[in-house]
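User: I'd like to learn how to read the features of a model like this one. Could we go through it together?

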Amino acid sequence: MYYGDLVCLRAVEASDVDNLIEYYNLLELRRFLGVPLPVSRNYLEQWLAKRGDSDPWADGLLELSITDKQTRESIGLIHLEHIIKPHNRAEFGISIHNPDHLSHGYGTDAIRVILWVAFNILGLHSIYLDTMADNERAIHVYEKVGFKRVGILRESEFLDGDFKELLYMDILRDDFARANPGFSVRTRP
Ligand SMILES: CC(C)(COP(=O)(O)OP(=O)(O)OC[C@H]1O[C@@H](n2cnc3c(N)ncnc32)[C@H](O)[C@@H]1OP(=O)(O)O)[C@@H](O)C(=O)NCCC(=O)NCCS
């Protein structure tokens with residue numbers, strides 16, 4: 001369990017599928033997360049079980065549930081994937097599922113927590129991500145925690161009938177320390 005100011009990041013449980021199935025098929029969420037085709041409970045259960053059981057070193061993936069620290073409610077997923085030695089590099093991703101939970105500070109807190117884990121527990125050095133270049137809220141949060149813009153893939157994501165830009169960002173261990181002075185994961189709520 002890794003505690004931030006608002007969230008606790010914990011191992012994925014089978015019951016997390018209830019939150020996922022309720023919101024994951026909302027187009028307003030899924031349009032930010034790749035090809036927005038409907039997904040079934042059966043698919044999500046198997047997908048979640050596989051990702052939840054992954055080992056960061058053997059499988060290159062750490063998937064965690066974002067929960068509200070006070071209520072313990074499951075509110076989203078966050079991961080590091082394509083974890084590669086000896087480069088100590090990984091790709092980052094996040095989704096908070098219920099639209100009512102967006103812009104309440106959970107995302108910023110959860111990202112700080114997983115980056116702290118990446119740099120201080122997994123010993124990673126560089127984390128990168130891609131995002132739709134029009135996902136302004138996500139980009140604002142990523143820059144707030146220290147990610148830098150490193151490039152654009154032009155006309156590379158087909159969405160809403162058009163080819164859109166994908167923005168790549170990355171953060172190094174020192175960038176994180178500079179942008180989040182004194183931040184540390186708590187061991188208790
Ligand atoms: C992106 C995401 C993780 C951010 O988490 P969040 O909990 O919603 O964000 P926070 O509440 O921590 O912070 C939101 C910030 O964005 C700002 N913001 C909100 N809407 C914005 C917009 N349209 N443009 C720019 N900034 C915006 C808020 O003012 C706030 O900034 P501040 O703290 O400096 O005032 C979350 O919104 C999410 O999961 N979205 C859906 C899926 C997604 O986009 N995932 C990322 C794919 S790359």
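User: Let's begin with Glu-155: is Glu-155 buried or exposed?

Analyst: The idea is to count the other C-beta atoms within 10 Å, where 12 or fewer means exposed. Glu-155 has 11 such atoms, so Glu-155 is exposed. Please keep in mind that this is a predicted model. Glu-155 sits in strand E7, and its phi is near 45°, a positive value in a residue other than glycine.

User: Which other residue, in the loop between E4 and E5, has a positive phi?

Analyst: That is Asn-88, found in the loop between E4 and E5, with phi near 55° though the residue is not glycine. Asn-88 counts as partly exposed because 16 C-beta neighbours lie inside 10 Å. The loop between E4 and E5 also holds Pro-86, and the peptide bond from Lys-85 to Pro-86 is cis, with omega near 5°.

User: Now the sheet. In what order do the strands run?

Analyst: In general, strands of a sheet pair through backbone hydrogen bonds, either parallel or antiparallel. Here eight strands form an open sheet in the order E1-E2-E3-E4-E5-E6-E8-E7, and the pairing is mixed. Strand E1 (2-3) and strand E7 (148-159) are the edge strands, each pairing on one side only. E1 and strand E2 (residues 7-11) run antiparallel and are joined by two bridges. Tyr-3 stands opposite Cys-8 in E2.

User: Which helix packs on the sheet, and which strands does that helix touch?

Analyst: H4 packs there, touching E1, E2, strand E3 (61-68), strand E4 (74-84), E5, strand E6 (126-132) and strand E8 (162-172). The direction of H4 makes about 50° with that of E2.

User: How many residues are in the largest nonpolar core?

Analyst: The general idea first: in soluble globular proteins, nonpolar side chains tend to be buried together. In this model the largest nonpolar core has 39 residues, and those with the most contacts inside it are Leu-9, Ile-66, Ile-78, Ala-110, Ile-114, Leu-115 and Ala-118. Helix H4 (residues 106-120) gives the most to this core, contributing eight residues. For a close-up, take Ala-110: leaving out residues up to four places away in sequence, Ala-110 touches Gly-4, Val-7, Leu-9, Ile-66, Ile-78 and Ile-94.

User: What about the ligand? Which residues are closest?

Analyst: A shell can be read by its members, their elements and their classes. The ligand is surrounded by 21 residues, of which the closest are Phe-32, Gly-107, Thr-108, Thr-131 and Glu-136. Strand E5 (89-96), H4 and helix H5 (136-145) each supply at least two residues of the shell, and H5 gives the most, with six. By class, the shell has nine nonpolar, nine polar and three charged residues.

User: Let's finish with Gly-34 and Glu-45. Why does Gly-34 count as exposed?

Analyst: The same count applies to Gly-34, which has 11 C-beta neighbours inside 10 Å and therefore counts as exposed. Gly-34 lies in the loop between helix H2 (27-30) and helix H3 (41-52). The C-alpha atoms of Gly-34 and Leu-6, 28 residues apart along the chain, are separated by 27 Å. As for Glu-45, this residue lies in helix H3 and is partly exposed, because 15 other C-beta atoms are within 10 Å. Between the C-alpha atoms of Glu-45 and Asp-59, 14 residues apart along the chain, the separation is 19 Å.

Notes:
Residues are numbered from 1 along each chain as its sequence is written. This is a predicted model: local features need pLDDT of at least 70, side-chain atom pairs count only at pLDDT 80 or more; totals for chains, interfaces and linings use all residues. A nonpolar core is a set of buried Ala, Val, Leu, Ile, Met, Phe, Trp, Tyr and Cys residues joined through C-beta atoms within 7 Å. A residue is buried if 20 or more other C-beta atoms lie within 10 Å of its own, exposed if 12 or fewer, and partly exposed in between; C-beta atoms are placed from the backbone. Helices (H or I, at least four residues) and strands (E, at least two) are DSSP runs, numbered from the N terminus. Two residues are in contact if their C-beta atoms, placed from the backbone, lie within 7 Å. A residue is near a molecule or strand if its C-beta atom, placed from the backbone, lies within 6 Å of it. Ala, Val, Leu, Ile, Met, Phe, Trp, Tyr, Cys and Pro count as nonpolar, Asp, Glu, Lys and Arg as charged, and the others, Gly among them, as polar. Two strands pair if DSSP finds at least two bridges between them. Axes are lines fitted to C-alpha atoms, for helices over the stretch in contact, and angles run from 0 to 180 degrees between N-to-C directions.
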